[in-house]
Amino acid sequence: MPANSASPAKHRELGLTDSEFELIVEGLHREPSDTELAMLSLMWSEHCSYKHSKKLLRRLPTEGPAVLMGPGENAGVVDVGGGLGVAFKVESHNHPSAVEPFQGAATGVGGILRDVFAVGARPIAVLDSLRFGEPATSERSRYLLDRAVGGIGHYGNSIGVPTVGGEIYFEGSYEQNCLVNAMCLGLAPHDRLIRSAAAGPGNVLVLLGALTGRDGIGGASVLASAEFGEADEDKRPSVQIGDPFAEKKLLECCLELLDSELLVSLQDLGAAGLTSSSSEMAAKGGVGLDIDCSRVPLREPDLEPFEIMVSESQERMLCVVEPGRVDEVIAVCERWETLATPIGEVTNSGRLRVLSGGEVAADLPVEILVDDCPLYDLAPEAPAAPLYAPPPAVLTGRESATESLLALLASANIASRRPVFEQYDPVVQSRTVRRPDDADAAVLILPTGEAIAVAIDGNGRRVACDPRRGAAEAVYECAANLACVGATPLGLTNCLNFGNPEKPHVAWQLTEAVDGIAEACDALGVPVVGGNVSLYNEAPSGPIFPTPVIGMVGRLPDPERAGRLGFATAGDAIALVGELTAAGAAGSELAKLRGAAVAGPLPPMDEHAVRDAHGKVRSLVNAGALHNAHDIAEGGIAVALAECCIAGSIGATVTLPEGIDPFAEAPGRAFIVSGPEVALRGLTIIGRVGGDELELPGRLKLAVSDLAAARERGLAQYL
Amino acid sequence: MKFGVIRFPGSCDEVDAQLACQRVGEAVILWHRDRDLQGVDAVVVPGGFSYGDYLRVGAIARFAPVMEEVAEFAQAGGLVLGICNGFQVLCEAGLLPGALLPNVSLRFIFRQVELEVASTDSPFTRASALGDRLSIPVKHTTGRYYAPDDQLARLKSNDQVLLRYAQGQNPNGSLDDIAGVCNEGRNVFGLMPHPEHAVDPLTGPTGGLPIFESIRAHVGERTRALA
Amino acid sequence: MRARVLVRPKAGILDPQGQVVERALPALGFSGVRNVHVGRLIELDVEDPAQLPEMCQRLLTNPLIEDYVVERVEPVESATADSIGSLPGGQTPGVGESQDAS
């Protein structure tokens, strides 16, 4: 039995409850050692165990005809034809980004890239979903924005993976808890896809990549606090620093190892480092693992076994190799200047044993690490009073439509994202058919000649107003974005960013939102292939807006015909596709600018009408009938029309149908399309492209150049 | 004709460059540690972040074994095209005059820019007409071209500036709007914009194509002359 | 011996990093700040200090755009004390003397 039993008080400092600690002691029939307690506290944390969300997540549909790998692997994979699969996943790096936004965001990108190449896919695109406090009033939010964007660019640009899209919202509720979610897509032939299950007792466990240091050793450093003097700065846990150059080599190295069929299984090292990666590999394979800590190459001397096991040093992977092929693996790694070190072996013990210089530092049944953490039921309760204060009003409500439109275009949530996107490389790898600002979704060409499209969405304010409909809207809006380029959805990934789930109102938001996502997925026939949960995003003033971020991937037959955002040709007819009559002010950007309460209900969703509208736009785009397609979202139809005019540098004259408020919102449900009038037969024609002004007769008339200037200024002024 | 595209650890745009070269000829990847240039007619030093851009952009890559061969190849009149990080490497290696400094904005900038052909008297721009506008993207953090006054004067009098950013398009504060320069022998050319990302109408404007076509025309002519 | 190479942009070359810092300090209330330049610090242990100038010329700096100074560093017992805050005054001029790259 391992020596040095941890003192019972330590478990609380490590975040385990008394009853959880009792379960551990009961399961082990003894008290855990320091190293074991460090490992268990991390594996039983919300981050690794999903103990407050796992039961809920079972409500999400995960099966579909295109799914090759579902939730549970490093990334989900869908079939895109021609023997190719697309792997993708979105993940949060919220807390590290709040501490150090540049490195936090950079390592967020690094982590999601590793998830994708861990399944054997070459990363081909990154998207980001960011949330900050109000930039107009918060210097800290401007700083976080600037540094997080810099960090994302630093990592993605340097490693040669294009950043093809993303979204940013600014709301007061994110002031203390910014959100940095990164999504990555990868491409792999089916036969290179690899799972993470360890197999074959006697096989060798090889650690690839960077040296191990004290990076990101959070709560576990409590275990050493007795030994650390106040002045012992060197032993403090440190911020994780990303090294995209190391990861680039690691990436190329792993793909070459897989192409040479040298690996039995592969897993990335993320949260909880070696502990999490090794125990998950063992659990999935139904085997045991012996790890010799003293063989792990260290960046600084004298790391304790528990530190080695929980270190979150970046740019590392773990693989299982047959003994006879270890030398070949090391040779490939040398070619890529990447360290490869055998650190253990697969056993049939069903136990994860951590050895250190002949001593046993930990000896745990794999299931206690991975499966035995208790799952909690939530106690949801709808709040009786509003959870969020109304935002400060910047408009009185007495402005003209012209003034309102200019204010919306210049608002941080709607303004041009160009100052951000210009810091990212969207074209490397030569697949990008539609760049940011070209269309509602990014479009990437495949070797088959077909293409995939991808979009990421999630408007937290609308979810705060009405969690169920707001979350469903995020799914519909993603699908609408895909429809605009002609893509049919294949699958989605989600990142659920919420407050403290142990609080009944947050539990209610989470439950409602998951139900909303599930309903939308069922209605559209889109499975969830993977995702991530980030809870406890709370400040003393309350929780963040509930923010489910949806990333959706679809497929389109002909990239030449992929839809575009901007109006193109003078004389084209403009049509409205889908339903806008139910659109309202609740949760809208204009309501925010007017300081309205954060309250629902949001307009109902007519699933059949929405599916029909999406289908119509998709088939028109694929038929090559349209010159533009754009979904109507934040800011209503007026902003959507302005965006089409600005993108195409051409005006339009539009008469809104009776009863449609130009600024009312009902995202995901309706589209603006334009093209030759004959091509739009049967649709509701509402106007014409032409001139250099946007005119809604009787309501507003503005030069396109003025619209563009307002939209250009909105975000640029803060960067 | 056959291009060789170098791959350093940290190169990112080498496959893109290979694809672009393949529009006008054959193209192989050359590994940074190999000294064999495989009989190529032209070498491309591609974009990316060789050796992580650590120490100083291009500073470490210039000492890669393959670069010794490239220097000899250039000495013998072989065509060498350096794109972005490749331009930085060639400047560090002394194969091109000047140096690249951090953008005035201190930020990475991706932008589709308009370039003007400032000289057609080179194997890289001969397919264009003087003053032609080429739409090509830039993407870099360290792209501000600099040369000391005397060197700059020499560059101009020798007609070594082949491409300039069109008026109002200079994205990085480059001296004299310089986007690309060649050596005195006119067989080594470096530019910050990425012509390899401007060759396929499906993915954007095709302002980069004339550069690859120029190289093909030059090599074809030389081959015929030798035959 | 332990050496320290201080690299800074050559005089006269636009140094936007220096300018940003020069503008930021007054905004924080520090007045009378001029001639700010941001460079790089390279520390290394070398057996033969005589090789340092060539190392600087060939790899550590680009003489076209950068000046440098080589300093000898005495081993310090408590490294953290010196690494925070400004460089200590009274630097030992380096190998022989400080020199600017030509």
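Two residues are in contact here if their C-beta atoms, placed from the backbone, lie within 7 Å. Keep that in mind as you work through this predicted model.

**Exercise 1. Work out where Ala670(A) sits, whether it is buried or exposed, and which residues it is in contact with.**

Solution. Start with the element: Ala670(A) belongs to strand β25 of chain A, residues 670–675.

Next, count neighbours. A residue is buried if 20 or more other C-beta atoms lie within 10 Å of its own. Ala670(A) has 26 C-beta neighbours inside 10 Å, so it counts as buried.

Now list the partners, skipping neighbours within four places in sequence. Ala670(A) is in contact with Leu576(A), Val577(A), Gly578(A), Glu579(A), Leu580(A), Ala613(A) and Ile632(A).

One distance to finish: Ala629(A) is 41 residues from Ala670(A) in sequence, and their C-alpha atoms are 10 Å apart.

**Exercise 2. Find the residues with the most contacts inside the largest nonpolar core, and the helix that gives the most to this core.**

Solution. The largest nonpolar core has 322 residues, and Ala453(A) and Val475(A) have the most contacts inside it. Helix α17 of chain A, residues 467–485, gives the most to this core, with 12 residues.

Then zoom in on Val475(A). Setting aside residues up to four places away in sequence, Val475(A) touches Leu492(A), Ile517(A), Ala520(A), Cys521(A), Leu524(A) and Ile550(A).

Don't stop there: apart from the largest core lies another one, of seven residues, including Val5(C), Leu52(C), Leu60(C) and Tyr68(C).

**Exercise 3. Describe how chain B touches chain A and chain C.**

Solution. Take chain A first: 23 of its residues are in contact with 21 residues of chain B. On the chain A side, α8 (139–159), α9 (244–259) and β14 (432–434) each supply at least two residues. The largest share, four residues, comes from α9(A). By class, this side of chain A splits into nine nonpolar, eight polar and six charged residues.

Now turn to chain C. This contact takes 10 residues from chain B and nine from chain C. The chain B side has seven nonpolar, one polar and two charged residues.

**Exercise 4. Decide why chain B is as compact as a globular protein of its length.**

Solution. Chain B has five helices and 11 strands. Its radius of gyration is 16 Å, close to the 17 Å that the globule rule gives for 227 residues, so chain B is as compact as a globular protein of that length.

Round this off with burial: 61% of the 227 residues of chain B count as buried. Along the principal axes, the C-alpha atoms of chain B fill a box of roughly 45 × 40 × 40 Å.

Conventions:
Residues numbered from 1 in each chain as written. Chains lettered and ligands numbered in written order. Predicted model: local features only at pLDDT ≥ 70, side-chain atom pairs only at ≥ 80, totals over all residues. Nonpolar A, V, L, I, M, F, W, Y, C, P; charged D, E, K, R; others polar. Rg over C-alpha atoms; globule rule 2.2 N^0.38 Å. Buried ≥ 20, exposed ≤ 12 C-beta atoms within 10 Å, placed from the backbone. Core = buried A, V, L, I, M, F, W, Y, C linked by C-beta atoms within 7 Å.
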